[in-house]
Amino acid sequence: MIPRIHKRGSKTIGLIRYLYGPGTHEEHTDPHLVAAFDPLTPDPGRDPQATYGQLQRLLDQPVNALLADRRPKKHVWHLSVRASSEDPMLSDDDWAAVARRMVAATGIAPDGDDAACRWAAVRHADDHIHIIATLVRDDGRRPRLHNEARRAQTEARLIEADYGLRRITPGDGTAAKRPTSAERHKTERRGRQRTPREELREAVRRSVAGAAGEEEFFDRLGAAGLLVRRRIAPSGDTLGYTVALPGDRNGKGEPVFYSGSKLAPDLSLPRIRERWTQNPDAPTQQPALPSVTGPASALRRTTTAAWRALLVIDHGGDGVIAAQIAATGEVLDALAQTSAAHARHELQAAATAFERASRSHVRAVRGHDHALRRAARDLVHSGPALGRGEDGAATAMAIDMLVFLVTAATHWHARKHHAQQAEAAHQAAAHLCAAYPAAAGRPMALLHQQGSRLAPSWQHHHATAVRHALPELADRILAEPGWPALAATLHEARNTGHNPTTLLTRAAARRELGTAERVSDVLVWRLRRMADLPAAPQNSQDRRADGAHAVPAPGHSTRIGTRPANSSQRRR
């Protein structure tokens with residue numbers, strides 16, 4: 001059940017006409033009262049003798065009784081209460097009870113208060129009601145409405161429990177503002193899928209992802225095709241900004257601008273600047289990082305940064321963890337705009353879902369998130385990734401690690417009772433899992449082919465290594481479809497001088513594997529990263545071009561375990 005308090009108004013008759021009218025798209029059916037402050041309140045929907053004016057005068061009577069200079073300018077209070085699509089249809093009596101509970105909880109008409117505000121609840125659809133009230137009590141005083149929106153949400157959770165309705169996750173006031181009904185109707189008339197507010201929010205988030213400073217941020221906004229206005233102080237400093245879509249105009253033909261704070265709480269300019277502030281407690285000397293030469297390099301850097309962030313979420317303080325989670329949102333935004341077409345849809349959905357998980361009341365301690373923000377910057381500046389070869393395989397490697405990172409964020413939010421954020425992170429992880437097969441299909445198929453062609457003695461050799469290193473998971477791993485790909489990776493790692501058993505033991509020690517859906521896939525990418533193997537396996541033509549020689553199977557050569565002469569070529 002979703003309660004929503006609308007903007008206060010000054011014309012009671014205007015809202016009454018809307019509630020009893022046909023609606024913007026003829027969607028209102030059988031408008032009628034289900035409850036009111038007085039059982040004898042006239043109902044223009046069911047009583048042919050009742051008029052809109054009668055209902056308006058009755059509700060406005062306490063307001064009109066005041067002297068003109070004492071009347072509130074905005075005296076019309078409006079609350080809509082909507083059931084979820086999964087809920088059963090409620091009767092008029094049920095909605096009447098819901099209305100009484102809502103006006104009591106919000107302070108409009110507390111239980112037992114005979115001098116409370118006047119109100120009426122109108123139903124013009126199966127799944128929701130509207131409550132109209134006037135904000136002057138019968139005794140001439142104003143109602144106490146402090147935090148009425150939060151109290152309405154709290155009461156909605158109790159109503160859901162009492163009526164067996166779908167339980168909506170409670171919010172904490174940090175969510176982005178939803179589009180207004182006027183914005184939604186305007187979008188529908190134009191045949192578009194998303195409102196300008198939603199499109200602008202995504203564009204601004206992508207523009208700030210990994211940006212190194214203010215000028216780069218504003219340059220990206222302009223490059224994204226947005227209209228940008230800066231608010232400049234007399235000193236010349238930028239105080240704020242607003243953005244608009246070129247085609248979004250008001251009735252006067254003027255662009256409709258939104259400030260960053262109206263798009264999301266963390267998109268105001270002061271909050272964005274926090275991302276560029278070095279925290280004094282953060283390391284002052286960042287490790288030297290090689291320059292990014294292409295998408296594959298940026299994706300591998302992203303994988304490494306995600307792994308480090310995962311360790312912070314496991315063991316860091318709340319403020320530092322909040323910064324890592326916020327920076328994870330930047331990485332997902334950057335990945336969504338640079339990924340190959342076949343995985344882009346799910347990655348964009350993951351970034352959109354995680355947006356809600358990137359904020360909470362825990363204030364992010366910036367500076368510790370440098371590695372993730374640098375990874376996001378590298379993704380943006382490296383350009384679009386290809387869906388094949390090293391780019392495609394590195395994308396799969398990054399997605400695999402990001403699933404772990406986003407899942408860790410889900411658990412942290414759940415422990416902090418951030419219900420909406422935990423649900424959003426869970427949805428983002430599901431979208432990442434859906435994107436993974438598209439990215440991993442080709443490299444995993446090639447690895448599977450190579451592993452299947454290994455001599456039986458080598459397959460047995462690598463299976464033995466798995467049983468020694470991971471005795472509790474060995475049977476499961478060897479039965480998975482991805483086992484041949486893991487065997488090929490172990491073989492490649494051995495050929496570059498690594499001990500497969502030792503490598504497996506180290507990989508398992510880094511983080512538990514039992515909850516992974518595909519343990520063999522996780523190990524493939526983890527081992528390839530740890531052993532510094534190319535993300536994409538070399539096919540047979542690549543191997544012949546490199547001059548690689550076949551490695552004899554165990555028992556057929558005294559050179560078992562020695563490093564091939566050309567291993568430096570394979571390690572890249």
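This report walks through a predicted model of one protein chain, from its overall make-up down to a few single residues.

## The chain as a whole

Let's start with the inventory: the chain has 22 helices and eight strands. Its C-alpha atoms fill a box of roughly 105 × 60 × 45 Å along the principal axes. Of the 572 residues, 51% are buried. The accessible surface comes to about 27000 Å², and carbon and sulfur atoms account for 51% of that surface.

How do the contacts spread along the sequence? Take contacts between residues at least 6 apart: 72% of them join residues at least 24 apart. As for charge, there are 80 positive and 62 negative side chains, and the centres of these two sets lie 6 Å apart.

## Strands 1 to 5

Now for the strands in the N-terminal part of the numbering. Strand 3 covers residues 76-82, and six of its seven residues are buried, so the rest of the structure largely encloses it. On one hand, strand 3 pairs with strand 1 (residues 2-5) in the antiparallel sense, over four bridges. Here Arg4 stands opposite Ser80 of strand 3. On the other hand, strand 3 also pairs with strand 5 (residues 128-134), again antiparallel, this time over seven bridges. In that pairing, Arg82 sits opposite His128 of strand 5.

Strand 5 has another partner in strand 4, with five bridges in the antiparallel sense. The two are joined as a hairpin through two residues. Trp119 has Ala133 in strand 5 as its bridge partner. Strand 4 itself (residues 119-125) is mostly covered, with seven of its seven residues buried. Strand 4 also runs antiparallel to strand 2, and four bridges join them. Within that pairing, Ala35 has Ala121 of strand 4 as its bridge partner. As a reminder of what holds such arrangements together, strands of a sheet pair through backbone hydrogen bonds, either parallel or antiparallel.

## The 6-7-8 sheet

Further along the chain there is an open sheet of three strands, in the order 6-7-8, with antiparallel pairing. Which strands sit at the edges? They are strand 6 (227-232) and strand 8 (258-259), each of which pairs on one side only.

Strand 7 (residues 238-244) is joined to strand 8 by two bridges, and the two run antiparallel. If you want a spot to look at, Thr242 stands opposite Ser259 in strand 8.

## Glu155 and its neighbours

Moving to single side chains, Glu155 lies in helix 4, which spans residues 148-163. Is Glu155 buried or exposed? Its relative accessible area is 14%, and because the cut-off for buried is under 20%, Glu155 counts as buried.

What does the side chain of Glu155 pair with? The partner is Arg101, and the polar contact between the two side chains is 2.8 Å. Leaving aside residues up to four places away in sequence, Glu155 touches Arg101, Met102 and Ala105.

## The loop between helix 1 and strand 2

Two residues are worth a look in this loop. Glu27 is found between helix 1 (12-20) and strand 2 (32-36). With 33% relative accessibility, Glu27 is partly exposed. Setting aside residues up to four places away in sequence, Glu27 touches Pro22 and His124. For a sense of distance, the C-alpha atoms of Glu27 and Ala152 are separated by 26 Å, and the two residues are 125 apart along the chain.

Asp30 is also in the loop between helix 1 and strand 2. Its phi is near 50 degrees, a positive value in a residue other than glycine. Asp30 comes out as partly exposed, at 43% relative accessibility.

## Another positive phi, at Asp532

Much later in the numbering, Asp532 has a phi near 60 degrees, which is again positive in a residue other than glycine. Where does Asp532 sit? You'll find Asp532 in the loop between helix 20 (519-530) and helix 21 (540-546). Its relative accessibility of 37% makes Asp532 partly exposed.

Conventions: Residues numbered from 1 in each chain as written. Predicted model: local features only at pLDDT ≥ 70, side-chain atom pairs only at ≥ 80, totals over all residues. Heavy atoms only, no water. Buried < 20%, exposed > 50% of the residue type's maximum accessible area, 1.4 Å probe, protein only. Polar contact = N/O pair within 3.5 Å; in protein donor to acceptor, adjacent residues only side chain to side chain. Contact = heavy atoms within 4.5 Å. Pairing = 2+ DSSP bridges. Areas by Shrake-Rupley, 256 points an atom, 1.4 Å probe, with all protein chains shown as cover. Lys, Arg positive; Asp, Glu negative; His and termini not counted. Charge placed at Lys NZ, Arg CZ, Asp CG, Glu CD.
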